[in-house]
Amino acid sequence: MLLRRRHGGTATTVKRSLADRENVLGAALLAPALAYVLLLVGVPFVLAIVLSFSTATAGSLSFGWAGFANYRAILADPIFRRALANTAIVTIGSQVLVVVLATAAAQVFRAAFHGKRTARFVLLLPWAVPVSLAAIAWTWIFDSTFSVINWTLKVGGLLHGWLYWLGDPTLALVAIIIVQAWRIFPFATVIVLAGLSSIPQEVVEAAIVDGAGFWRRLFHVELPLLLPVVAVAVLFGVVYTATDLGVVYILTGGGPANTTHVLPTLAFQRGIQGADLGQGAAIAVFLLPFLIVVAIAMLRLARHTEVGTT
Amino acid sequence: MKRVALYAAALGFMAFAGFPFYWMLITAFKQNRDLYVGAFDTRHVPWIFNDPPTLEHVRLLFGQTDFLRWIANTLIVVVAVVVVTVAVAVPAGYSLARLTGRWGERLGIGIFFTYLIPPTLLFIPFARLVALLGLQNSLGALILIYPTITIPFCTWLVMGFLRSVPWDIEEQAMIDGYSRLAVIVKVVPRLIVPGILTVVVFSFTLVLQEFVYALTFISSVDKMTVSLGVPIALVRGDVYHWGALMAAALFTSIPLAIVYNLFIDRFIQGFTLGAVKG
């Protein structure tokens, strides 16, 4: 600030002062990013909502007003209602698993042990691998004839009949939840680990001096302090699972008999494959409640931590 | 005793996380007669090689499929998206961290939030946009649209990164008579090389992982990227070439995982919104 005034005061040349004006430079450097985000995220976002009130199809570029017809159609459609319920079930189910797995894994991986680097590499694999490739691997693992899970359960004496993982609506949902939890818990673990390392050592030591055991320390000292970080992990997890297309698309394709659709796969089926952009957009719009909840929670957390750390 | 429990738990988590990759590995190199034995046959152990391993599936993958073509397509998209992202997100991140003052921070959070708007909400309006621009079934569609994901996150990463770089060097340069613009052009690039590297790696991993937009816009096999071609085009009708499929999944995943591992801490700093002081 001080420097700028010194240059600006003498105003040697116009060029010089322009090159020193922070607000002009700031706006110029920011403009391309803002333009990109506004034109290619903001405008399509509005268009997504507008399209849901239209009769637009993929075949032509015509645009007709449909009012609430698309919404009436999907709300009366049992496949859509099932997809909405499935989205909630898969999201909540997988995130409960993720929280349990990630807090447990973080307790393990904070300790020092031999081979920790290798262990960490393996732990992060599910998060690094492209979701479509992970999903195709799990499709093979859950194969109705060759499933290694069935073989292992049978040899272990735990299974007497047969599990048609992706052929049975309930089992298929279980499979989807397992894959989503598997894919996201490593990410959550790393976030919780980062949170653990930021807990002041004195707090933990004070708890030890006061005679608190491992479980007491975990539930009464560390977890409350970790809550904001666990919340961040869960919020990203909700976004990643509720809006994910790849896992369900590849694992079950929405089947058997349209029982395992989630909102993104149904929106894809109707909007892109079925060319009914209007109805596809209306289905996708139902993702918004999930996203709004997440956005509000994140803003609150951000404000909370800002007050806490400054 | 406590050590034993620790190692057991660590092994348990590794087994859960790593099991599908072990399965890719063993499937990719098994002979067909060892591979396709029904799981109801309890005497045939599927976890090990019962017959000697084979390179048959790998040869099929590289010789008779478009796998190499998909790798080439992916690399083209990667390079273009990285260039666009670095050119747009790095100046924006610098601007928000250094030049725009208090409202820069707010705007930064705003841009970051657009990262939360998912492809599955935007793919339908993009379908129309891509049709309007005549970019259907072309890599150009991906090059245009992928930066909508990389730019918000990378702007945020660069902004966060710059907060940890002290002001002194830039201030000293200004005292030495550089204009603000000259500082940005001549001094700053050297300071933010690690930040730029993170942006490159993030864009690279994102392009390799993205599936939704590729599935929506690319329809012909020779235009596909790896993450689309492997699960979609390696399945011929109802015939899954599981050996080749798993080989492709393995060969794509492992290099990506190695790169990811090196940069995970930087990404996590971005995700935690500064809630954790790294």
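Helices here are DSSP runs of H or I with at least four residues, strands are E runs of at least two, and both are numbered from the N terminus. With that in hand, let's start at one helix and work outwards.

This is a predicted model, in which local features need pLDDT of at least 70, side-chain atom pairs count only at pLDDT 80 or more, and totals for chains, interfaces and linings use all residues. Residues are numbered from 1 along each chain as its sequence is written, while chains are lettered from A and ligands numbered from 1 in the order in which they are written.

**One helix in chain B**

Take a look at helix α6 of chain B, which covers residues 119–132. What follows just after α6(B)? There you find B:G134, with a positive phi of about 65°. The helix itself has a kink of about 35° centred on B:P125; the bend at a residue is the angle between axes fitted to the seven residues ending there and the seven starting there. How does its length work out? The expected span is 1.5 Å times one less than the number of residues, so 14 residues should span 20 Å, and the end C-alpha atoms, 19 Å apart, agree with that.

Is α6(B) mostly covered or mostly open? It's mostly covered, with ten of its 14 residues buried. (Buried means that 20 or more other C-beta atoms lie within 10 Å of the residue's own, exposed means 12 or fewer, and partly exposed is in between; C-beta atoms are placed from the backbone.) Among the buried ones are B:F123, B:P125 and B:V130, so the kink centre B:P125 belongs to the covered part. The buried residues of α6(B) pack against α7 (139–145) and α12 (212–217) of chain B, and also against α3, α13 (263–273) and α14 (277–285) of chain A.

**Where the chains meet**

That brings us to the contact between the chains, which takes 86 residues from chain A and 84 residues from chain B. Two residues are in contact if their C-beta atoms, placed from the backbone, lie within 7 Å. On the side of chain A that touches chain B, helix α3 (residues 22–51) of chain A gives the most, with 16 residues. By class, that side has 69 nonpolar, 13 polar and four charged residues. (Ala, Val, Leu, Ile, Met, Phe, Trp, Tyr, Cys and Pro count as nonpolar, Asp, Glu, Lys and Arg as charged, and the others, Gly among them, as polar.)

A:L291, in helix α15 (residues 288–309) of chain A, shows a link across the chains. Leaving aside neighbours within four places in sequence, A:L291 is in contact with A:V239 and B:L116. A:L291 counts as partly exposed because it has 18 C-beta neighbours inside 10 Å.

**The two chains as wholes**

| Chain | Helices and strands | C-alpha extent along principal axes | Buried |
|---|---|---|---|
| Chain A | 15 helices, zero strands | about 90 × 70 × 30 Å | 42% of 310 residues |
| Chain B | 14 helices, two strands | roughly 80 × 65 × 30 Å | 48% of 278 residues |

Chain A has a radius of gyration of 26 Å, where a compact globule of 310 residues would be near 19 Å. This radius is taken over C-alpha atoms, and the globule rule is 2.2 Å times the number of residues to the power 0.38.

How sure is the predictor about chain A? The average pLDDT (the predictor's confidence in each residue, from 0 to 100) is 86 in chain A, and 92% of the residues score at least 70. Over residues 1–14 of chain A, though, the pLDDT is below 50, and this stretch has eight contacts in the model beyond near neighbours in sequence.
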